[in-house]
Amino acid sequence: MTSRSKVIRIVVADSNQMSCQLLSEALAKQRGISILASVVDGESLLRSLQTLKPDVVLMSAALPDGPLNRRPSSQELGNWNPHCPWIRSEERRVGKECRSR
């Protein structure tokens with residue numbers, strides 16, 4: 001990694017604690033990636049967004065009380081603007097949520 005390379009700062013969010021931990025551990029082994037937090041609920045995710053200001057959030061679309069399952073205020077989201085990936089198993093719901101933002 002050159003001195004100009006930027007470390008990608010990531011927060012992982014999944015209600016399944018084991019999945020969250022395994023994904024975080026696998027990503028942490030990669031050069032150029034820093035895992036800032038691994039959270040298992042929407043409230044912790046929003047706190048992480050406000051305090052840690054990650055570059056990327058890897059989040060389960062089914063995260064209870066997460067940003068895709070409720071409408072957090074702009075104050076809760078801070079400057080974070082979610083970009084929604086297509087998740088095949090939840091494509092319709094996620095797509096609908098992404099289009100409504």
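Trainee: How many salt bridges does a search of the whole structure find?

Mentor: The search finds two. The model is predicted: local features need pLDDT of at least 70, side-chain atom pairs count only at pLDDT 80 or more, and totals for chains, interfaces and linings use all residues. Residues are numbered from 1 along each chain as its sequence is written, and side-chain values use heavy atoms, with hydrogens and water left out.

Trainee: Why is the meeting of aspartate 55 and lysine 6 called a salt bridge?

Mentor: The term requires a side-chain nitrogen of Lys or Arg within 4 Å of a carboxyl oxygen of Asp or Glu. Here the N to O distance is 3.4 Å, so the pair meets the definition. Aspartate 55 lies in the loop between helix 2 and strand 3, and lysine 6 in the segment before strand 1, 49 residues apart. Helices (H or I, at least four residues) and strands (E, at least two) are DSSP runs, numbered from the N terminus.

Trainee: What makes glutamate 43 and arginine 47 a salt bridge?

Mentor: Their side chains stand at 3.0 Å, N to O, and therefore satisfy the definition too. Both residues belong to helix 2, four residues apart, about one turn of the helix.

Trainee: How do you know whether lysine 6 is buried or exposed?

Mentor: Buried means under 20% relative accessible area, exposed over 50%, and partly exposed in between (1.4 Å probe, protein chains only). Lysine 6 has 60% and is therefore exposed. Aspartate 55, at 36%, counts as partly exposed, as does arginine 47 at 43%. In the whole chain, buried residues make up 33% of the 101 residues.

Trainee: What is noteworthy about phi of lysine 53?

Mentor: Most residues other than glycine have a negative phi. Lysine 53, however, has a positive value, near 50°. Lysine 53 lies in the loop between helix 2 and strand 3 and is exposed, because its relative accessible area is 52%.

Trainee: How do you know which strands pair with strand 1?

Mentor: Two strands pair if DSSP finds at least two bridges between them. Strand 1 (residues 8-13) and strand 2 (residues 33-39) share six bridges in the parallel sense, with arginine 9 opposite serine 34. Strand 1 and strand 3 also run parallel, joined by four bridges, and valine 12 has leucine 58 as its bridge partner in strand 3. Both counts meet the requirement, so both pairs qualify.

Trainee: What makes Val11, Ala13, Ala37 and their companions a nonpolar core?

Mentor: A nonpolar core is a set of buried Ala, Val, Leu, Ile, Met, Phe, Trp, Tyr and Cys residues joined through side-chain atoms within 4.5 Å. The largest such set has 10 residues: Val11, Ala13, Ala37, Val39, Leu45, Leu46, Leu49, Val57, Met59 and Leu63. At least two residues come from each of strand 1, strand 2, helix 2 (42-52) and strand 3 (56-59). Helix 2 gives the largest share, three residues.

Trainee: Which residues lie on the covered face of strand 3, and which on the uncovered one?

Mentor: Val57 and Met59 form the covered face, whereas Val56 and Leu58 form the uncovered one. In a regular strand the side chains alternate between the two faces of the sheet.
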